[in-house]
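Please walk through the two ligand sites of this model and explain what surrounds each ligand.

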Amino acid sequence: LRQFSLQYTMSSRSISKVTVIGAGLMGSGIAQVSAQSGYQVTLVDLNEQLLGKAVQSIQTSLERVAKKQLKDRPEEAKQLVSKTMANLATSQSAADAAKSADLVVEAVVENLELKRSLYRQLDSTAPAGCLFASNTSSLGIAELAEAVPNRKPTFGGLHFFNPVPVMRLVEVVRTPDITEAAFNQLLEFSRSLGKSAVPCKDTPGFIVNRLLVPYLTEAVRMLERGDATAEDIDTAMRLGAGHPMGPIELADYVGLDTTKFIMDGWHAKFPNVELFKPSDMLNKLVEEGRLGRKTGLGFYKWD
Ligand code: CAA
Ligand code: NAD
């Protein structure tokens, strides 16, 4: 088990137990890479069905990783899967799962009030010095931390990218109140997962999403105006800009609900910024439950 024994302040704990709240696209990926790196992980969601689906997707993803990394060593590949799965537990109670956590990573839906109320629950049981981190795409980390003022010195952002097992970046977000020691622990934790960690200021969308999400929405607006088809926009950006996925396909991949929550939040905060204006087409798809890859249907039909 990986443990870090850097010189931390009295109140910080070395990380061995990680609780991940929200077992959707992101939470299941964060739980997977943490368990793969030797941490004891508890993954939390609202019911057994969601947790079962997440565990199944982790197993499938791990098998892909094992097959790729240990192509000619099937025995070791099997062990990678079984050892990782043995590091993973599930729970339906965030408060219980936080009781012995060294780090809690929150990856529930992109909603400020929901996240804040969750932090208050966690605060009632998490040990002193436990690190609190949000995987939010667009909300202010300091704004989230307002819910638990006594946790501000150990509260930061850990922003992973989808699909977590493949994407090599974590944005580590600093607030004015986080201690240097806690911030360094978040950087070290990200690196221990084999990711590159980029420190970020607590500004809307940090680095990647401030650039990426308006680009995705601009592509939807292009489609809305009838300037090009979805397929042509995607082919053009794949072949003309060398992106692995075009923007319409990527919006489906991220989740149209998540893309909409991000834009709605920014539009409410910055109503005059043209780039953050809502899109009728995006709103309609979300209203119809066409959320993209995770529901099998968005702009495209997914297997
Ligand atoms: N688990 C494990 N491995 C996976 C995986 C998963 N969930 N998804 C893909 N892989 C692996 C595959 O096994 C494959 O490995 P090989 O090269 O050995 O075959 C490799 O990744 C490539 O996968 P595929 O061949 O299936 O497909 P691809 O080449 O089209 O790649 C992709 C898929 C990695 C998703 C690629 O299309 C891509 O990088 N897309 C862009 C993703 C992106 O931009 N993500 C950021 C979104 S924004 C965000 O996350 C922030 C936010 O807050 C909204
Ligand atoms: P998702 O809809 O796939 O998963 C969210 C999960 O949270 C669901 O399973 C839901 O049941 C669960 N949940 C809701 N309330 C809960 C509660 N009170 N307790 C426990 N679980 C609860 O969403 P996602 O795409 O995984 O996004 C999660 C977070 O990560 C959001 O803040 C999002 O902005 C951020 N994010 C998303 C992406 C992306 O590409 N989708 C990338 C980086 C960050």
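The shell around ligand 2 is made up of 11 nonpolar, eight polar and four charged residues. The model is a predicted one, and the distances and areas below are computed from it.

Which residues come nearest to ligand 2? Of the 23 residues around this ligand, they are Asp45, Glu110, Lys115, Ser137 and Val254. Lys115 makes a polar contact through its side chain, where an N or O atom is 2.7 Å from an oxygen atom of ligand 2. Lys294 also uses its side chain, with a polar atom lying 3.1 Å from an oxygen atom of the ligand. Val254 takes part through its backbone: an N or O atom there lies 2.8 Å from a nitrogen atom of ligand 2. On its own, ligand 2 has 840 Å² of accessible area, and the protein covers 88% of it. Two elements, α1 (25-36) and α5 (112-125), give two or more residues to this shell.

Where does ligand 2 sit relative to the domains? Residues of the shell come from both domain 1 (17-201) and domain 2 (209-295), so ligand 2 lies between them.

Ligand 1 can be read in the same order. Its shell holds 12 nonpolar, five polar and two charged residues. There are 19 residues around ligand 1, and those that come nearest are Ser61, Ser137, His159, Asn162 and Asn209. Ser137 is thus named among the nearest residues for ligand 1 and also among those for ligand 2.

Three side chains can be followed to ligand 1 atom by atom. In Ser61, a polar side-chain atom lies 2.6 Å from a nitrogen atom of the ligand. In Ser137, a polar side-chain atom lies 2.7 Å from an oxygen atom of ligand 1. The side chain of His159 has an N or O atom 2.8 Å from an oxygen atom of ligand 1. Taken alone, ligand 1 exposes 1,000 Å², of which the protein buries 67%.

Which helix gives the largest share of the shell around ligand 1? That helix is α2, with four residues. The elements that each supply at least two residues are α2 (48-69), α8 (208-224) and α10 (247-254). At the level of domains, at least three residues of this shell are drawn from each of domain 1 (17-201) and domain 2 (209-295).

Terms used: Residues numbered from 1 in each chain as written. Chains lettered and ligands numbered in written order. Predicted model: local features only at pLDDT ≥ 70, side-chain atom pairs only at ≥ 80, totals over all residues. Heavy atoms only, no water. Near = heavy atom within 4 Å. Polar contact = N/O pair within 3.5 Å; in protein donor to acceptor, adjacent residues only side chain to side chain. Areas by Shrake-Rupley, 256 points an atom, 1.4 Å probe, with all protein chains shown as cover. Nonpolar A, V, L, I, M, F, W, Y, C, P; charged D, E, K, R; others polar. Domains from an automatic or database assignment.
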